[in-house]
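Colleague: Could you walk me through how to read this fold? I'd like the general idea each time, and then the case here.

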Amino acid sequence: MIHRCRNRLRRALMQVAALCMLLGLTPAALADDALVDALRRGGLVVLVRHAVTVPGLGDPPQFRLGDCATQRNLSEAGREQARALGRWFRDQGISVGEVRSSRWCRCLDTATLAFGDTHPVSPWPPLDSFFEAREREPAATAAALAGLAEPVAGNRIWVTHQVNITALSGVFPASGEMVVMRPARTADGGWRLELLGRLHPA
């Protein structure tokens, strides 16, 4: 009996694989389609790591918030990557309810190039980098999660840094990558984020 069930399951999996090959779909593509469908339904949080920057790690020693000339900024390839991200959202018909960004210029530029033509970009301190001040991580993460209490129609787009995204999701994203999360209530009435998947369309 068990042997027959295994054979049937194996045949079913082979049929699915053959159909995917016939349609030109990979398992990853199928997963992406489901994720895009979920985004079209709305109510999710999309954590976006800023687009590709000029070479470097962190920021120069003379870094000053609000002065882009003192920061590590987007490269020209990163600027195009950000524009492509916005085009992808529009082409997929995904509803955007809010766009919040770290106050770092590379994040603000990513958000503005992607969504600024159609949505206001709100600088938001809970998304600021704590790469150089890891002791800020618990407070920043808690403040970001507390922001979920405010109702939003559509999806929330949060453009931020690798360290922030990793703290919120456990994922180490590439530049320009999206980590899709579902807000959920905790037992004590707070908020948490559940990982749904990752997308890197641009």
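Modeller: Let's start with burial, in helix 6: Gln162, Val163, Asn164, Ile165, Leu168 and Ser169 are buried (under 20% relative accessible area with a 1.4 Å probe, protein chains only; exposed is over 50%, partly exposed in between). Helices (H or I, at least four residues) and strands (E, at least two) are DSSP runs, numbered from the N terminus. This is a predicted model, where local features need pLDDT of at least 70 and side-chain atom pairs pLDDT 80 or more, while totals for chains, interfaces and linings use all residues. Residues count from 1 along each chain as its sequence is written, and side-chain values use heavy atoms, leaving out hydrogens and water.

Colleague: Why is helix 6 largely enclosed by the rest of the structure, and what do its buried residues pack against?

Modeller: Six of the eight residues in helix 6 (162-169) are buried, so the rest of the structure largely encloses this helix. Its buried residues pack against strand 1 (45-49), helix 5 (137-146), strand 4, strand 5 (178-185) and strand 6, with contact meaning heavy atoms within 4.5 Å. Right after helix 6, Gly170 has a positive phi of about 80 degrees.

Colleague: In what order do the strands of the sheet come?

Modeller: Strands of a sheet pair through backbone hydrogen bonds, parallel or antiparallel. Here six strands form an open sheet ordered 3-2-4-1-5-6, with mixed pairing; two strands pair if DSSP finds at least two bridges between them. Strand 3 (121-123) and strand 6 (191-199) are the edges, each pairing on one side only. On average, neighbouring strands are turned by 25 degrees against each other, direction ignored (axes are lines fitted to C-alpha atoms, for helices over the stretch in contact, with angles from 0 to 180 degrees between N-to-C directions).

Colleague: Which strands run parallel to strand 4?

Modeller: Strand 1 does, over five bridges, with Val48 opposite Val159. Strand 2 also pairs with strand 4 in the parallel sense, over five bridges; Val99 has Ile157 as its partner. Strand 2 (96-101) then joins strand 3 through three parallel bridges, and Ser101 is partnered by Pro123.

Colleague: And how do strand 5 and strand 6 run, parallel or antiparallel?

Modeller: Antiparallel, with eight bridges, including Val180 to Gly197. Their hairpin has five residues between the strands, and Gly189 takes a positive phi near 90 degrees there.

Colleague: How many residues of strand 4 are buried?

Modeller: In a regular strand, side chains alternate between the two faces of the sheet. In strand 4 (155-160), six of six residues are buried: Asn155, Ile157 and Val159 on one side, Arg156, Trp158 and Thr160 on the other.

Colleague: Where does helix 4 lie?

Modeller: Helix 4 (105-115) lies across strand 2, strand 3 and strand 4, at about 155 degrees to strand 2. Its buried residues include Cys105, Arg106, Ala111 and Phe115, and helix 3 (76-92) is part of what covers the buried residues of helix 4.

Colleague: How does the whole chain read, helix by helix and strand by strand?

Modeller: Along the sequence, the pattern is α-α-β-α-β-α-β-α-β-α-β-β, which comes to six helices and six strands. Buried residues make up 41% of the 202 in the chain. Among contacts between residues at least 6 apart in sequence, 63% join residues at least 24 apart.
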